[in-house]
Amino acid sequence: MKHYWLRMGFLSLAIAASCGQAWSADTASAGSSSATSGADASARISGPDVVTLNFVNADIEGVVKAVSEITGKNFILDPRVKGTVNIVSAKPMSRSLVYQVFLSAMRLQGFSAVEDRGVVMIVPEIEAKMHRSPTAGPQERPRAGGDVIQTQIFRLQHESAAQMVTVLRPLISPNNSVTAYPGNNTLVVTDYASNLQRIEKIIESVDQATDSDSVVIPLLHASALDVAQTINRLLTEPAQAADPTSRFTIAADARSNSVLARAGDPSKLRRVRELVAMLDTATSAGGNIHVIYLKNAQAVKLAEVLRAIYGGDSAGAGAQARTAASASPLGQAPAAATSSASTPGIIQADAATNSIIITAPDAIYNNLREVVEKLDVRRAQVYVEALIAEVSADKAAEFGIQWQSLSGLSKSNTQGFGGTNFGTASQNIGAISQNPAAAGRGLNIGVVQGTVTIPGTGVEVLNLGLLLRALQSDSNTNILSTPTLLTLDNEEAKIVIGQNVPFITGQYAVSAAATTPTPFQTIERKDVGLTLKIKPQISEGGAVRLQISQEVSSVDSTGPSGIITKKRSVDSTVLVDDGQIVVIGGLIEDSFKDGVEKVPGLGDLPILGGLFRYNTRTRSKTNLMVFLKPTLLRSAERADSLSSDRYDYILGEQLKSKPAPSVLPDYGSPSLPPRQSAPAAGADKPASQ
């Protein structure tokens with residue numbers, strides 16, 4: 001019965017729309033039908049532009065068809081759009097309002113309409129914001145679309161967009177969204193057009209400039225830096241973080257000597273103005289005494305700079321003042337060094353508290369205080385790793401044959417003898433004949449023909465008729481030294497690792513006619529080992545200018561005149577980026593030496609000449625490079641990370657070097673404590689036995 005009346009109603013509505021005549025359905029019979037079927041849909045067209053709608057528990061699909069016929073719009077229904085609709089109009093309404101009434105009915109059922117390219121899609125409200133909908137920029141007003149989903153962008157001028165989200169969220173449908181973009185302080189709201197108009201009015205009312213925004217208070221006598229610190233300590237409360245209305249910020253502008261304040265409560269700003277007015281008063285005396293406690297700079301050095309600024313002191317006068325100050329019993333510089341004759345005042349440093357005492361008129365003190373604020377900043381540090389890599393290879397080969405005959409020396413009648421002797425004096429055939437144990441390294445093969453006695457000496461030696469010697473040696477050296485230094489920007493640092501070796505520079509010996517019985521020598525001690533000296537200067541771009549002096553020396557041998565040392569040094573100034581490895585010096589040396597000792601004529605024979613030759617051949621290659629790697633440490637966290645890495649490395653090396661368990665008693669090897677825990681008091685003391 002229900003579908004019958006719906007079909008009849010749509011058919012009659014189509015006929016009435018085509019012929020322009022009034023169409024109606026019997027409401028009384030419809031009411032009785034409703035009692036049996038539970039649904040009723042009817043409409044009455046009272047004129048060309050007037051319609052009366054009556055839908056009681058009507059199916060959504062049937063209502064959409066009726067609205068489509070009246071408005072001429074095309075609809076697409078999501079499969080999840082199900083349910084019934086109740087629309088009652090006691091009086092006729094304009095055709096233009098039918099679509100708006102339909103949208104309101106869909107909104108009450110939890111559905112939304114999205115218009116796209118001439119088609120109206122009916123979808124669940126929670127998914128409407130995912131479809132294409134009208135979007136308005138910050139300069140556009142929300143469109144008068146009624147219950148149509150739209151997106152509006154609001155740009156706030158005074159209030160925070162993130163804080164505004166908490167205000168607007170309860171006023172927006174849970175299925176729609178409001179998002180803040182802190183980058184340009186904007187809000188993106190997706191909701192029904194009718195609600196967007198209300199949101200716009202709320203934002204316009206809240207986003208207003210107030211007196212509590214920020215104020216600038218210029219000062220005439222006091223220092224803005226001192227006044228800002230005093231007021232900040234007085235008015236700052238822990239409750240500011242919990243209550244946004246009690247937020248309070250105050251800063252000093254040293255350039256204009258002004259105090260900048262911002263507060264959420266206007267009464268607090270009035271309190272700030274009152275305090276500034278009371279503190280900004282002229283003093284009775286022109287020589288105020290101010291104490292400035294420094295955080296990073298050294299008071300003694302900074303005081304010298306301020307004296308030069310205040311009194312027009314030159315570098316020479318500053319040095320003279322330092323000399324006079326050190327000679328003074330109280331450590332105070334004389335008045336001529338601290339100020340000029342026309343500018344009375346005193347600038348003195350207290351090294352014990354690292355503070356500066358300034359006695360000067362207010363205007364001059366304010367200027368000096370601005371200089372102190374800019375110079376008293378945390379200075380960056382530079383961690384420099386110097387890598388000295390040396391790889392050398394030495395190869396040598398020797399081969400030769402020596403022969404001789406001493407048989408004639410044993411007879412009563414001396415006869416001639418002969419042979420060949422090559423090599424060094426301690427390795428020739430004559431020396432080995434006297435002492436076979438003096439044979440050099442390598443392969444030594446000799447043929448002994450008994451012993452003979454050298455005439456006149458009675459010394460009996462071996463009659464070594466033939467000696468063959470062969471030797472080949474390879475020597476490789478690989479040395480890597482990595483001295484490291486950590487220093488402040490523009491501060492020189494030096495590290496020395498080596499020995500203090502004595503060098504004889506003169507001596508006095510006792511002669512026959514001398515009256516002094518004790519001879520003596522004069523000695524000069526020098527450091528022999530590794531020395532690294534650096535002075536870094538950091539630029540704004542992160543590059544480091546390094547003045548480097550590096551030396552590697554060692555004791556080579558001892559000669560007739562004393563100790564002979566080897567030395568490799570580099571003095572240079574380089575520009576290196578943070579973390580970059582750069583080579584600052586090096587040596588690549590490759591030497592070859594080929595020597596032969598032979599008997600003239602006989603040693604040149606093609607085959608038999610080998611019996612009359614002694615060949616030596618050596619080759620030496622040396623590769624020495626010095627690298628540098630600076631690392632900037634601008635924060636305590638970066639320095640702690642680097643120190644922890646080095647600490648863990650040394651701790652691991654100590655654990656590796658612990659002796660293995662054995663039958664010997666364990667006396668305990670020294671080891672660093674774990675980095676997480678500080679060493680306990682007395683931990684380095686041996687236990688009582």
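Here are three short exercises on this predicted model, each with a worked solution.

Residue numbers start from 1 along each chain as its sequence is written. Local features need pLDDT of at least 70 and side-chain atom pairs pLDDT 80 or more, while totals for chains, interfaces and linings use all residues, and side-chain values use heavy atoms, with hydrogens and water left out.

**Exercise 1. Work out which residues form an aromatic cluster with Phe75.**

Step 1: get the rule straight. Rings of Phe, Tyr and Trp (its six-membered ring) pair if their centres lie within 6.5 Å; planes under 30 degrees apart are stacked, over 60 edge-to-face, and the rest tilted.

Step 2: count. The rule gives two aromatic pairs. Phe75 and Tyr99 make a tilted one, at 6.4 Å centre to centre with 50° between the planes. Phe75 sits in strand β3 (residues 74-77) and Tyr99 in helix α4 (residues 95-108), so this pair ties together parts 24 residues apart in sequence. Helices (H or I, at least four residues) and strands (E, at least two) are DSSP runs, numbered from the N terminus.

Step 3: take Phe75 with Phe102. This pair is edge-to-face, 5.5 Å centre to centre and 80° between the planes.

Step 4: put it together. Phe75, Tyr99 and Phe102 form one aromatic cluster. Phe75 and Tyr99 are buried, and Phe102 is buried too. (Buried means under 20% relative accessible area, exposed over 50%, partly exposed in between, with a 1.4 Å probe and protein chains only.)

**Exercise 2. Find the charged residues that sit over the rings of Tyr99 and Tyr192.**

Step 1: the test is NZ of Lys or CZ of Arg within 6 Å of the ring centre and within 35 degrees of the ring normal.

Step 2: for Tyr99, Lys73 lies over the face, 4.8 Å from the ring centre.

Step 3: for Tyr192, the charged end of Arg107 is over the ring, 4.1 Å from its centre.

**Exercise 3. Describe the surroundings of strand β17 (residues 355-360).**

Step 1: check burial. Five of the six residues of β17 are buried, so the strand is largely enclosed by the rest of the structure.

Step 2: look for partners; two strands pair if DSSP finds at least two bridges between them. Strand β15 (residues 288-293) runs antiparallel to β17, joined by six bridges. Strand β16 (residues 346-350) also pairs with β17 in the antiparallel sense, over five bridges.

Step 3: zoom in on Ser355. This residue of β17 is the bridge partner of Tyr293, and Asp350 stands opposite Ser355 as well.

Step 4: finish with the turn. β16 and β17 form a hairpin with four residues between them, and Asn354 in that turn has a positive phi of about 50°.
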